[in-house]
Number of protein chains: 4
Amino acid sequence: MLIEVDFAGEVPIYTQVRDQIVIGIAAGLLKPGETLPSVRRLAADIGINVHTVNKAYSLLRDEGFLLMDRRSGAEIAPLMTEDPSFDELLSNKLIPVVAEAICRRMDIEDFCLTVRKTYSFIKRGGK
Amino acid sequence: MLIEVDFAGEVPIYTQVRDQIVIGIAAGLLKPGETLPSVRRLAADIGINVHTVNKAYSLLRDEGFLLMDRRSGAEIAPLMTEDPSFDELLSNKLIPVVAEAICRRMDIEDFCLTVRKTYSFIKRGGK
Amino acid sequence: MLIEVDFAGEVPIYTQVRDQIVIGIAAGLLKPGETLPSVRRLAADIGINVHTVNKAYSLLRDEGFLLMDRRSGAEIAPLMTEDPSFDELLSNKLIPVVAEAICRRMDIEDFCLTVRKTYSFIKRGGK
Amino acid sequence: MLIEVDFAGEVPIYTQVRDQIVIGIAAGLLKPGETLPSVRRLAADIGINVHTVNKAYSLLRDEGFLLMDRRSGAEIAPLMTEDPSFDELLSNKLIPVVAEAICRRMDIEDFCLTVRKTYSFIKRGGK
DNA sequence: GTGGTCTAGACCACG
DNA sequence: GTGGTCTAGACCACC
């Protein structure tokens, strides 16, 4: 799976790396048990600092997406179970986005339509 | 409309102020033409620096939510027209959120349900 | 001649008033000897502060566009004579504008074309 | 490329810095991909505050002249593509300038001549 | 090391 | 009284 970062964007690079791995898992490109490249290797491939990859991996581990083992490196964690508390977290993330959509006079069902299109986009592997 | 900020959180204060004003507009608590408190006044009310409020106001102006009237400070801009390009911007914002929801095995229609609940929440004035 | 100002714009109101009167003179809508409305009157018409109109009138007087008489108010000055030093002043004003046009890859003759179109636009009375 | 500011002038310092960088790009002294000094460094060199440089850089970034690379500071953005909407923006900027030239009885072709001279001046690197 | 954020306080242009 | 500009200095996130 190819990871690309935008150095000029406002999103921190470690967040971009984290996001793309989550997207890869969601798309099924990265399957539970699959090993990720080593921190050094990925850093060299992308052309970023080792510390940055390390931060992304650690974040993913803390979030439960990755298992890290000193010997075998990082691997994708088993499928997560449903977490009812995610709903509230999601809602908090959505508040400013939905508010802006309302201000821009987007219909809420059009919003949901875009959600579904985004879902398909991810499932297709971001193509 | 009351604006409150979380000084301990990781979200920049100027972003919090910006978001809350957008939410206020979406909720209908702030109507087009209505004037906002002056930067000095709001800064004093919230207990933050004038420049921080200034940054939030300038951002909102650049985004088209506010007009900075040279005479009387800031006022809410007229209702925005629908902008077809917002759809793509929205999609980009949603990608990491939807991806995470997929990983957490949330059904896409449950996601849409949360969108609708968030919509109602905002329309109720955040109550 | 109608004068309109944009209160939300970044151009100071007194500058806008000054500019529009200069445009009116250039278009021939305001002829030498013609009297302008009194400061109070114009301020009331536009809905701005008396001081602001005063500043615009004073500026125009200093630039040689207006004659001000305590008794009869302001009137348009006689046609100006050619001023060779204006060329350098003009060049200084154009430097940043031309530089930006170059960066945006506009051909210099297209720039001149826009100058001529702007000329016609003004001569038509801004229509 | 040397940047100099006039502290006594009425043009804001951050605008002067912005303008000179745009002129530098137009003159070819600053090429796409080239890195600019860090905000701290340039501020020290010119003898102004870091925030003032920051404002100039941010403005240039918003205008598309600069990319702010998270790793190495600011660099000149790739050559801009032609933007048809620039024509209208340019026209609006030219209106008061052309109007004043008309009042000062400058021939429109002399105006264009000054435009071309200014163009050459910039292309020569402002010498 | 870089820029981003926040604070604090001053002065000025504008209205 | 309003926002705009500039300065100064601090802390933090990122790399």
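Chain A can be laid on chain B by a rotation of 180° with 0.1 Å of shift along its axis, giving an RMSD of 0.3 Å; the fit is by least squares on the C-alpha atoms of residues with pLDDT of at least 70 in both copies. That is the relation of a two-fold axis. Welcome to a predicted model, in which local features need pLDDT of at least 70, side-chain atom pairs count only at pLDDT 80 or more, and totals for chains, interfaces and linings use all residues. Residues are numbered from 1 along each chain as its sequence is written, chains are lettered from A and ligands numbered from 1 in the order in which they are written, and side-chain values use heavy atoms, with hydrogens and water left out.

**The axis between chains A and B**

- In chain A, A:Cys112 has the C-alpha nearest the axis, 2.8 Å from it.
- Both copies use the same surface, as 98% of the contact residues of chain A recur in chain B; contact here means heavy atoms within 4.5 Å.

**Where chain D meets chain A**

- Chain D gives 5 residues to this contact and chain A gives 8 residues.
- About 490 Å² is buried between chain D and chain A, with carbon and sulfur atoms giving 53% of that area. Buried area is the accessible area (1.4 Å probe) that two parts lose on being put together, summed over both.
- On the chain D side, D:Met68, D:Arg70 and D:Arg71 lose the most area to chain A, together 83% of what that side buries.
- That side of chain D has 2 nonpolar, no polar and 3 charged residues. In this grouping Ala, Val, Leu, Ile, Met, Phe, Trp, Tyr, Cys and Pro are nonpolar, Asp, Glu, Lys and Arg are charged, and the others, Gly among them, are polar.
- Between chain D and chain A there are 0 salt bridges (a side-chain nitrogen of Lys or Arg within 4 Å of a carboxyl oxygen of Asp or Glu).
- The interface of chain D and chain A does have 3 residue pairs in polar contact, both residues at pLDDT 80 or more. A polar contact is a pair of N or O atoms within 3.5 Å; within protein, one must be able to donate a hydrogen and the other to accept it, and residues adjacent in sequence count only if both atoms are side-chain atoms.

**Chains that do not touch**

- Chain A and chain C share no contact, and their closest C-alpha atoms lie 20 Å apart.
- Chain B and chain D share no contact either, with closest C-alpha atoms 10 Å apart.

**Around DNA strand F**

- There are 23 residues around DNA strand F, and A:Lys55, D:Ile13, D:His51, D:Thr52 and D:Lys55 come nearest; a residue is near a strand if one of its heavy atoms lies within 4 Å of it.
- Of the strand F atoms that come within 4 Å of the protein, 74% belong to sugar and phosphate.
- Phosphate oxygens of DNA strand F lie 2.7 Å from a polar side-chain atom of A:Lys55 and 2.7 Å from one of D:Thr52.
- B:Val39 places a backbone N or O atom 3.2 Å from a phosphate oxygen of DNA strand F.

**Around DNA strand E**

- DNA strand E has 23 residues around it, of which B:Ile13, B:His51, B:Thr52, B:Lys55 and D:His51 come nearest.
- A polar backbone atom of C:Ile13 is 2.8 Å from a phosphate oxygen of DNA strand E.
- Polar side-chain atoms also lie by phosphate oxygens of DNA strand E, 2.8 Å away for C:Lys55 and 3.3 Å away for D:Asn54.
- The surface near DNA strand E divides into 8 nonpolar, 9 polar and 6 charged residues.
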